Amino acid sequence: MTREETKHRKAAIRSEVTRVRQMLNEWDPLSGSPADEYDCVVDGVVSALHRGVTAPDLADWICQEFDSHFGVSVAREEALSVSSRILSWWSISQARNPRA
């Protein structure tokens with residue numbers, strides 16, 4: 001990978017992280033949390049997207065992560081809803097900017 005490709009890839013990942021963070025903050029299952037509250041989950045979501053995760057699997061992971069990290073149970077239906085929104089954005093994003 002060239003230096004320019006690396007620079008472009010890092011910028012793309014920053015953009016993905018920003019968008020996932022924004023979507024989790026909009027969902028805000030802990031209601032009224034600070035903007036960085038879900039940062040511990042963001043990288044895992046982005047990694048899962050790159051691995052081709054399904055909405056049900058992402059929802060399960062989110063439920064487990066919230067339970068283990070925050071000690072809070074998140075309704076699976078809510079996690080599935082946000083997972084579906086994230087995957088919908090991801091699909092559109094990947095169609096607009098396919099990876100080489």
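Which helix holds both Phe66 and Phe70, and how many residues apart are they? Both lie in helix α3, four residues apart, about one turn of the helix. Keep in mind during the tour that the model is predicted.

**Stop 1: helices α2 and α3**

Select residues 39-51, which form helix α2, and residues 55-70, which form helix α3. The two helices pack at an angle of about 160 degrees, and their axes are 11 Å apart. Angles over 145 degrees count as roughly antiparallel, so α2 is roughly antiparallel to α3. The crossing of α2 past α3 is right-handed.

Now show the side chains where the helices meet. On the α2 side, select Cys40, Val41, Gly44, Val45 and Ala48. Their counterparts in α3 are Leu58, Trp61, Glu65, Phe66, His69 and Phe70. Sorted by class, this contact of α2 with α3 has eight nonpolar residues, two polar and one charged.

**Stop 2: the aromatic rings**

Phe66 takes part in the contact with α2, and its ring leads to the next selection. The model has five aromatic pairs. One of them joins Trp27 and Phe66: the ring centres are 5.6 Å apart and the planes stand at 70 degrees, so the pair is edge-to-face. This pair links distant parts of the chain, with Trp27 in helix α1 (residues 3-27) and Phe66 in helix α3, 39 residues apart.

Are these two residues buried or exposed? Trp27 has a relative accessible area of 13% and is buried. Phe66 is at 0% relative accessibility and also counts as buried, because the cut-off for buried is under 20%.

Add Phe70 to the selection. The rings of Phe66 and Phe70 have their centres 5.0 Å apart and their planes at 35 degrees, so this pair is tilted. Then add Tyr38: ring pairs link Trp27, Tyr38, Phe66 and Phe70 into a cluster.

**Stop 3: Arg21**

Return to helix α1 and select Arg21, which is found there. With 28% relative accessibility, Arg21 counts as partly exposed. What does Arg21 touch, not counting residues up to four places away in sequence? The residues are Ala35, Asp39 and Val42. Asp39 falls within the residue range of helix α2, 39-51, as does Val42.

To finish, draw a distance from the C-alpha atom of Arg21 to that of Leu49. The two atoms are separated by 14 Å, and the residues are 28 apart along the chain.

Key:
Residues are numbered from 1 along each chain as its sequence is written. This is a predicted model: local features need pLDDT of at least 70, side-chain atom pairs count only at pLDDT 80 or more; totals for chains, interfaces and linings use all residues. Side-chain values use heavy atoms; hydrogens and water are left out. Axes are lines fitted to C-alpha atoms, for helices over the stretch in contact, and angles run from 0 to 180 degrees between N-to-C directions. Angles under 35 degrees count as roughly parallel, over 145 as roughly antiparallel, 65 to 115 as roughly perpendicular and the rest as oblique. A crossing is left-handed if the near helix is turned anticlockwise from the far one by less than a right angle, and right-handed if clockwise. Contact means heavy atoms within 4.5 Å. Ala, Val, Leu, Ile, Met, Phe, Trp, Tyr, Cys and Pro count as nonpolar, Asp, Glu, Lys and Arg as charged, and the others, Gly among them, as polar. Rings of Phe, Tyr and Trp (its six-membered ring) pair if their centres lie within 6.5 Å; planes under 30 degrees apart count as stacked, over 60 as edge-to-face and the rest as tilted. Buried means under 20% relative accessible area, exposed over 50%, partly exposed in between (1.4 Å probe, protein chains only).
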